[in-house]
Amino acid sequence: SALAAFGAAADTYPQRPITMVVPFAAGGPTDVVARIVAEPMSRALGQQVVIENVTGAGGTTGITRASQAAPDGYTIMMGHMGTHGAAPALFKGLKYDPAKSFDTVGLAAGTPIVIVAKKSMAAPDLKGFIEAIKAGGASINQAHAGVGSVSHSTGILFDSLVGAKPTLVVYRGTGPALNDLVAGQVDFMTDQIVNVAPQITGGTIKAYAIATPERSPSLPDVPTTKEAGLPEYEVSAWNAVFAPKGLPADVRAKLVAALDTALKDAGARKRILELGGTVPKESEAGPDALQKLVESEVARWTPVLRSAADANP
Ligand code: MLT
């Protein structure tokens, strides 16, 4: 019968490689988290999860493209607090609704935000850094990955909190931005720890503070924003796997199980943790919890970012 045929088709999913769209340039935090989880997901699914970097427009180009793909389980995406939380507040004419255009698969990693600057930035601490960038005004260049991205939204939040008005410099991801920060071509950015931790440890860039209540075990010498005198700047990002709306239930269940298996993979957990990321608890990682997180993050960020954007039009 048709039902049996349908069942058979779903039973053999996946029959070919799966594309995971990463909406930022290779080498940035979204790409790093995607590649960490894609490998054990491939093993769990028995088919290669192939990363495709589709960049531009603060990640909304890639997410829009993935949201319009066939809901057959062969196109998934790595979104995050920017594309599925901040973007509606900042990105005019968004072609998807974070809470309605997707089937959630699950949370992949928590990524605390770190305030990082070029090595030659003279200020010895966060207070001195804030004074310097306020005094520098538009001569200070702040890197970000496009309107609505994590580095953009957490960046304008920082600027509005401290009263700085730097020049914003856009990149196709904070991987390329980090290259310019190391080269001293750009002055600072607020970025996800999984991107910048190795460079901070290696001393090629400076970290003024981490925006979490506690220090990160992977960056023990970096003070929290609270310790550094800016307690109101407390923000963490997260990365999560989504699929276009309308997956067959069996297909969605296989993707959810594969991500769950990936987050139990010792190698994947080790990679996320050593980069300063956090591995979500099982209770907060599933598809229903992610749907709730998206809805609460859009609600939380919209007023905050609209006022931050007004502060620095
Ligand atoms: C961002 O939102 O800033 C992106 O995560 C940067 C990236 O992944 O390259």
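A salt bridge is a side-chain nitrogen of Lys or Arg within 4 Å of a carboxyl oxygen of Asp or Glu. Keep that cut-off at hand as you work through this predicted model.

**Exercise 1. Test whether Asp 187 and Lys 118 meet the salt-bridge rule, then place the pair in the chain.**

Solution.
- Step 1: The closest N and O atoms of Asp 187 and Lys 118 are 2.7 Å apart. The cut-off is 4 Å, and the pair forms a salt bridge.
- Step 2: Asp 187 lies in the loop between α7 (174–182) and β7, while Lys 118 lies in strand β4, so the bridge ties together parts that are 69 residues apart in sequence.
- Step 3: Buried means under 20% relative accessible area. Asp 187 has 8% and is buried. Lys 118, at 17% relative accessibility, counts as buried too.

**Exercise 2. Now do the same for Arg 252 and Asp 103.**

Solution.
- Step 1: Here the closest N and O atoms are 3.9 Å apart, and the two residues form a salt bridge.
- Step 2: Arg 252 is in helix α9 (residues 249–264) and Asp 103 is in strand β4, so this pair joins parts that are 149 residues apart in sequence.
- Step 3: Partly exposed covers values between 20% and 50%. Arg 252, at 25% relative accessibility, counts as partly exposed, whereas Asp 103 is buried with a relative accessible area of 7%.

**Exercise 3. Find what the side chain of Arg 16 meets, and what its charged end sits over.**

Solution.
- Step 1: Look for an acidic partner. The side chains of Arg 16 and Asp 72 meet in a salt bridge, 3.9 Å from N to O.
- Step 2: Locate both residues. Arg 16 is in the loop between α1 (2–11) and β1 (18–22), Asp 72 is in the loop between α3 and β3, and they are 56 residues apart.
- Step 3: Look for a ring. The charged end of Arg 16 sits over the ring of Tyr 74, 3.8 Å from its centre.
- Step 4: Check accessibility. Arg 16 counts as partly exposed at 43%, and Asp 72 counts as partly exposed at 27%.

**Exercise 4. Classify the ring pairs that Phe 129 makes with Phe 188 and Tyr 208.**

Solution.
- Step 1: For Phe 129 and Phe 188, the ring centres are 5.2 Å apart and the planes are at 80 degrees, so the pair is edge-to-face.
- Step 2: These two rings come from distant parts of the chain, with Phe 129 in helix α5 (residues 126–136) and Phe 188 in strand β7 (residues 188–192).
- Step 3: For Phe 129 and Tyr 208, the centres are 4.6 Å apart and the planes differ by 15 degrees; this pair is stacked.
- Step 4: Tyr 208 belongs to strand β8 (residues 205–210), so its pairing with Phe 129 ties together parts that are 79 residues apart in sequence.
- Step 5: Put the pairs together. Ring pairs link Phe 129, Phe 158, Phe 188, Tyr 208 and Tyr 233 into a cluster.

**Exercise 5. Decide whether helix α4 is mostly covered or uncovered, and name what packs against it.**

Solution.
- Step 1: Count the buried residues. Eight of the nine residues of α4 (residues 82–90) are buried, which makes the helix mostly covered.
- Step 2: Name some of them. Among the buried residues are Gly 82, His 84 and Leu 90.
- Step 3: List the neighbours. The buried residues of α4 pack against elements including α3 (60–67), β3 (75–80), β9 (236–244) and α12 (287–311).

Methods:
Residues numbered from 1 in each chain as written. Predicted model: local features only at pLDDT ≥ 70, side-chain atom pairs only at ≥ 80, totals over all residues. Heavy atoms only, no water. Buried < 20%, exposed > 50% of the residue type's maximum accessible area, 1.4 Å probe, protein only. Helix = DSSP H or I, 4+ residues; strand = E, 2+ residues; numbered from the N terminus. Contact = heavy atoms within 4.5 Å. Phe/Tyr/Trp six-rings, centres within 6.5 Å; stacked < 30°, edge-to-face > 60°. Lys NZ or Arg CZ within 6 Å of the ring centre and 35° of its normal.
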